[in-house]
Amino acid sequence: MIFLDKILSIVSKDLKEWRRQPFLILIAIIPLIIISLFVGVFLKQAEILPAGIILVDDDPLAKELRDYMISMKSGTGVPWFEIENNSSATYVLSKFDSGDILGYIIIPYNLSSRLQSGEIVELEVHIHNINDDVTKNVLQRVELACNHINRNLEIGGVVYRSVSFDFNPSTPRDVTFTNYTIAAILALTVILSGSVNMVTATANEFEKATMKELIMGSSSSELLVGKLVTTLVQTAICFILILIFEFMFFQFIPQGNPLLLIFLFIWGVLCFSPIGFLFAARIKLVIPAAIAVLILSVTGWWIGGGLVPAEIWQGWLSILAMIWPGTYFFRSFITVIVTGEIELSLLVFDVIITGLYGIIIFLIATRVFLKEARS
Amino acid sequence: MVIIIEDLTQSYDGKRNAIDNLSLKIDQNQVFSFLGPNGSGKTTLINILCGLLKRNSGKVDVGGFDPEKEPNQIRKMVGLVPQETALYDYLTAKENLEFHARFYGVPRSNRNTRIDDALELAQLTDRANDRVNTFSGGMKRRLALVRALIHDPNILILDEPTLGVDVQSRNEIWNRINELKQDKTIILCTNYMDEADRLADQCAIIDHGKLIVLDRPENLKIKYAGGVLLEAQIAVSKDMQNQLYNQLYEKYTSIKITQLEIDDHYLVSLPANVEANQLLTEFSQTIQTFSDLSLINLNVRTPTLDDVFLELTGTKLRE
């Protein structure tokens, strides 16, 4: 009972202090909002392909094709092509050569009459292959525009039902990517807010010289459990705030079993916040320790598959991703949020790996903490 | 509540001893003062008594318990007022006391009464719901003192309890300490000798981790600074210097002569266990024999613990 009362008194005290120092809340949230905004804006911009269309004549069907391309939008309402107004060949080619546009499409002459006569007309598409993703996107989008023209094509009173590759424009590929990234940001919230909150709750005691009182008044287990519970509550509040932000800006709603998500959240905080404990005990100052864990968390997030799945890394980055326990936590957390489910064996494996990491860091952090707190 | 320290040694890096073979006994219901220059080992000793630090060797017994092995018992019987006050600035005075009371296991049934009494004792009842970061240094010190008392410990350890407070607050804190020693053992670590002089029943002067002396303040003053202290500022020509030195040192073995920054000016300190008038007459007769000597200033006073402290620990700066 006394054990519980001490833990609750630590939690209650810490939360009061936290609430009254908005700065402490902001350093656990602002980096996440900045990353969200950056990634959100970057992703939206990445979906727009600057391209040019060369019209060799004033054929009405060619103009219709061009206008359709201009009007094409992704499921999130972002235009797919940013098309230059000037359709002259000289202008478009110079823009392509200078790299201002990533590709261009030449709509051939007499498009209407040639299609009417049954001729198979080819569109010429030129792309700067900066990566396969861009090339694939351009081709998919041109294909979709051509489908639009081919659909109900009438030649000599005969309406042709052409076979066409038709992907559903209401679920374009960027939605999944956005979902992945937002899920990754929520995973980052768990480890970043968790460790930063642990830093502020602990380093604050060193900074204000109150640690001696705490150590004297409680056993190390009471103190550590109290700080962990405080961190858990603070991180849950940060997580909810970030979730609200993601919903407001990206209409994002997490998938999956809420209980499984809650379990992964608690597990993530318990396993990854002790690193904040370690830094707080060593550095003993809120700001430097918070910056250190912030950098560590974001780097770990990037390596562990925060921006792109960790499987794509090559060489030493791949090895780093493999040995970094965060990779396994991100894999489970992101998979559950994006797809709503996860293989049990995969979940168990990831939970064990992150748990082992958490235990090791916790033991080291406790040892360092007790040594530093008593010195 | 007796505290016994036997052959205590503590070193931080294995080379320098912060505490060096220290042995002493502190009786109950008294104010026991530890005096020592910065870095003398006072804080290390407090940390060991509170169970915050594991000792290297020696025996420590606080009220029958070993702080290292029985920290739960020590928590109940010891209240600590650290040098830094260590209050939570963003909590109110009442919240600070509530946290401490809960943390130190004060039963819920009398928690509020204890908090109200503590606020009254600190004369902070009207500021109970104000955040501590709006308090003056003196108010913080008073609050820190009553906070350490909230779980009714038998031993109270005060580390520089009046550091940085105004005269009124210091006086108030001293009165409280004097009241508290009726039923508590108080360990006072201070750099203010007048504080120890006024409050302490026993004074231990420690330096480099060693116990230099342990006695009642009045005994220390007689023993190490004489019953009276004569201080004279004199001016004497360079030719007469040696003669003056020889004659004075020959007559008074405990005399100290310090050259001042002003040319040919000296400060003579003479502790003695005689009546003030007798010392004054004798000294006047002695210096009258020097024709070129001018007496700038002459003062006879009762020595203080400052004099004892400087006598025993020297005047060299430690930091």
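These exercises walk through a predicted model of two protein chains, A and B.

**Exercise 1. Confidence**

Task: Find which elements of chain B have the lowest and the highest mean pLDDT.

Solution:
- Step 1. Start with the complex as a whole: the predictor assigns an ipTM of 0.74 and a pTM of 0.73.
- Step 2. Turn to chain B, where the mean pLDDT is 86 and 96% of the residues reach 70 or more.
- Step 3. Now go through the elements of chain B: helix α11 (residues 305-313) has the lowest mean pLDDT, 75, while α3(B) has the highest, 94.

**Exercise 2. An outline of each chain**

Task: Describe chain A and chain B by their helices and strands, their buried residues and their domains.

Solution:
- Step 1. Take chain A and list its elements: 15 helices and six strands.
- Step 2. Look at burial in chain A, which has 375 residues, 41% of them buried.
- Step 3. Divide chain A into its domains. Domain 1 is made of two stretches, 2-42 and 173-374, and domain 2 covers 48-160. Their C-alpha centres are 47 Å apart.
- Step 4. Check how far contacts reach along chain A. Of those between residues at least 6 apart in sequence, 78% join residues at least 24 apart.
- Step 5. Repeat this for chain B, which has eleven helices and 13 strands. Of its 319 residues, 42% are buried.
- Step 6. Domain 1 of chain B runs over 3-222 and domain 2 over 227-302, with 42 Å between their C-alpha centres.
- Step 7. In chain B, 71% of the contacts between residues at least 6 apart in sequence join residues at least 24 apart.
- Step 8. Finish with the dimensions: the C-alpha trace of chain B spans about 80 × 45 × 35 Å along its principal axes.

**Exercise 3. The sheet of chain A**

Task: Work out the strand order of the four-stranded sheet in chain A, then find the helix that packs on this sheet.

Solution:
- Step 1. Read across the strands: the order is β2-β1-β3-β4 in chain A, in an open sheet with mixed pairing.
- Step 2. Pick out the edges. They are β2 (81-83) and β4 (124-127) of chain A, each of which pairs on one side only.
- Step 3. Follow the twist, which averages 30° from one strand to the next.
- Step 4. Add the helix. Helix α4 (residues 89-98) of chain A packs on the sheet and touches β1, β3 and β4 of chain A. The direction of this helix makes about 155° with that of β1(A).
- Step 5. Zoom in on one pair: strands β1 (residues 49-55) and β3 (residues 103-107) of chain A run parallel and are joined by five bridges. Here A:G52 is opposite A:Y104 of β3(A).

**Exercise 4. The sheet of chain B and helix α1**

Task: Trace the six-stranded sheet of chain B, and decide whether the residues of helix α1 of chain B are buried or exposed.

Solution:
- Step 1. Write down the strand order, β5-β6-β7-β3-β8-β9 in chain B; this sheet is open and its pairing is mixed.
- Step 2. At the edges stand β5 (78-81) and β9 (210-215) of chain B, each pairing on one side only.
- Step 3. Ignoring direction, neighbouring strands of this sheet are turned by 15° against each other on average.
- Step 4. Look at the edge with β9(B). Strand β8 (residues 202-207) of chain B pairs with β9(B) in the antiparallel sense over five bridges, and B:I206 is opposite B:L211 in β9(B).
- Step 5. Place the helix: α1(B) lies across β3 (31-35), β6 (155-159), β7 (185-190) and β8 of chain B, at about 155° to β6(B).
- Step 6. Test burial, which here requires 20 or more other C-beta atoms within 10 Å of a residue's own. In helix α1 (residues 42-49) of chain B, eight of the eight residues are buried, including B:K42, B:L45 and B:N47.
- Step 7. See what comes after the helix: α1(B) is followed by B:G51, which has a positive phi near 80°.

**Exercise 5. Where the chains meet**

Task: Say how many residues each chain brings to the contact, and which element of chain B gives the most.

Solution:
- Step 1. Count each side: chain A brings 19 residues and chain B 18 residues.
- Step 2. On the side of chain B, helix α3 (residues 93-103) gives the most, with four residues.
- Step 3. Sort that side by residue kind: twelve are nonpolar, five charged and one polar.

Definitions and conventions:
Residues numbered from 1 in each chain as written. Chains lettered and ligands numbered in written order. Predicted model: local features only at pLDDT ≥ 70, side-chain atom pairs only at ≥ 80, totals over all residues. Contact = placed C-beta atoms within 7 Å. Helix = DSSP H or I, 4+ residues; strand = E, 2+ residues; numbered from the N terminus. Nonpolar A, V, L, I, M, F, W, Y, C, P; charged D, E, K, R; others polar. Pairing = 2+ DSSP bridges. Axes fitted to C-alpha atoms, helices over the stretch in contact; angles between N-to-C directions. pLDDT = per-residue confidence, 0-100. Buried ≥ 20, exposed ≤ 12 C-beta atoms within 10 Å, placed from the backbone. Domains from an automatic or database assignment.
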